[in-house]
Amino acid sequence: GTEFIHDITNFLTLSDGSILIGGQIRQYASDDNPQTFHLITDAEGEQLWWNSYGAGNLGPGSFLNDGGILFSKLQDNTVYAFAIDEAGQLLWEREMGEKAYPWGVVASPNGGFVTYRYHVLDKYSADIELEWSQEYFVDQIGLSIEDIHPYHEGFVFLGRKLNDEFITVID
């Protein structure tokens, strides 16, 4: 069968001007087992390398303070975080918990990273040790964290409650 790119979830410019593109590839349209991929092109669009990181749905990426690139993927109802270097080599991978929508990871401004799953935020150190875990708005039906971004020494997260949206800043 022919593989084709099913979904592009990442488009990052690297320090040398090359471009990292990532997402899922599938064998055929109804394939329920997509494979994650990353490829790097130079500024002219010539492919420099291609790598697959196993089965799963790839989440957006962000840059870590140590120069690595952080990603999340959903595989077999489990969320994983993993980091690669700019040459595409896997630096580490860790199981982060059960599936919950939406989900993802983002690098922390002061090192480490934060994962989010539905209404739970987990903060990890640069050594991948859990520093804290916090549930937000658990008693409010229909609320979820949709996206999170570094903000000063903390984070700002965007959420949704039924048909309304909100923004919250945390330290």
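Here is a short, friendly note on the structure above, arranged as numbered points for someone meeting it now.

1. **The overall picture.** Please keep in mind that this is a predicted model. The protein has 16 strands and zero helices. Of its 171 residues, 49% are buried. The accessible surface comes to about 9100 Å², and carbon and sulfur atoms account for 48% of that surface. If you take the contacts between residues at least 6 apart in sequence, 31% of them join residues at least 24 apart.

2. **The largest nonpolar core.** A good place to begin is the largest nonpolar core, which has 14 residues. The members that touch the most other members are L64, L70, V79, A81, W92, M96 and F113. Strands β7, β8, β9 (90-98) and β10 are the elements that give two or more residues to this core. Another core, of eleven residues, lies apart from it, and L20, Y53, I69 and F82 are among its members.

3. **M96 and its surroundings.** It is worth clicking on M96 in the viewer. Leaving out residues up to four places away in sequence, M96 touches V79, Y80, A81, F113, T115, R117 and Y124. Two of the residues named here will come back below: Y80 is met again with a lysine, and R117 is met again as a bridge partner.

4. **Strand β10.** How many of the residues of strand β10 (residues 103-107) are buried? Five of the five are, so the strand is largely enclosed by the rest of the structure. As a general point, side chains in a regular strand alternate between the two faces of the sheet. In β10 both faces are covered: W103, V105 and A107 are buried on one side, and G104 and V106 are buried on the other.

5. **The β10–β11 hairpin.** Strand β10 runs antiparallel to strand β11 (residues 113-117), and five bridges join the two. One of the pairings to look for is W103 of β10 with R117, its bridge partner in β11. The two strands form a hairpin with five residues between them. In that turn, G111 has a positive phi of about 100°.

6. **S72, a buried serine.** Is S72 buried or exposed? Its relative accessibility is 0%, so S72 counts as buried. S72 is found in strand β7, which covers residues 69-75. Setting aside neighbours within four places in sequence, S72 is in contact with N57, L58, G59, P60, Y80, A81, F82, W103, G104 and V105. Among these contacts are W103, G104 and V105, which belong to the buried residues of β10. S72 and V106 are 34 residues apart along the chain, and their C-alpha atoms are separated by 8.9 Å.

7. **A stacked aromatic pair.** The model has five aromatic pairs. One of them is F37 with W50, a stacked pair with 4.8 Å from centre to centre and 10° between the planes. F37 lies in strand β3 (residues 35-41) and W50 in strand β4 (residues 47-55), so the pair ties together parts that are 13 residues apart in sequence. The partners differ in cover: F37 is buried at 0% relative accessibility, whereas W50 is partly exposed at 36%. Not counting residues up to four places away in sequence, W50 touches I25, F37, H38 and L39. W50 and I21 are 29 residues apart in sequence, with 9.5 Å between their C-alpha atoms.

8. **A tilted pair and its cluster.** Y53 and F82 form a tilted aromatic pair, 5.4 Å from centre to centre with 35° between the planes. This pair links distant parts of the chain, with Y53 in strand β4 and F82 in strand β8 (residues 78-84), 29 residues apart. Y53 is buried at 12% relative accessibility, and F82 is buried with a relative accessible area of 1%. Together with F71, Y53 and F82 form one aromatic cluster.

9. **A lysine over two rings.** Over which rings does the charged end of K73 sit? One is the ring of Y80, where the charged end is 5.9 Å from the centre. The other is the ring of F82, where the charged end is 6.0 Å from the centre. F82 is thus a residue to revisit: F82 belongs to the aromatic cluster with Y53 and F71, and S72 is in contact with F82.

Definitions and conventions: Residues are numbered from 1 along each chain as its sequence is written. This is a predicted model: local features need pLDDT of at least 70, side-chain atom pairs count only at pLDDT 80 or more; totals for chains, interfaces and linings use all residues. Side-chain values use heavy atoms; hydrogens and water are left out. Helices (H or I, at least four residues) and strands (E, at least two) are DSSP runs, numbered from the N terminus. Buried means under 20% relative accessible area, exposed over 50%, partly exposed in between (1.4 Å probe, protein chains only). Contact means heavy atoms within 4.5 Å. Rings of Phe, Tyr and Trp (its six-membered ring) pair if their centres lie within 6.5 Å; planes under 30 degrees apart count as stacked, over 60 as edge-to-face and the rest as tilted. A charge sits over a ring if NZ of Lys or CZ of Arg is within 6 Å of the ring centre and within 35 degrees of the ring normal. Two strands pair if DSSP finds at least two bridges between them. Accessible areas come from the Shrake-Rupley method with a 1.4 Å probe; for residues, only the protein chains shown count as cover. A nonpolar core is a set of buried Ala, Val, Leu, Ile, Met, Phe, Trp, Tyr and Cys residues joined through side-chain atoms within 4.5 Å.
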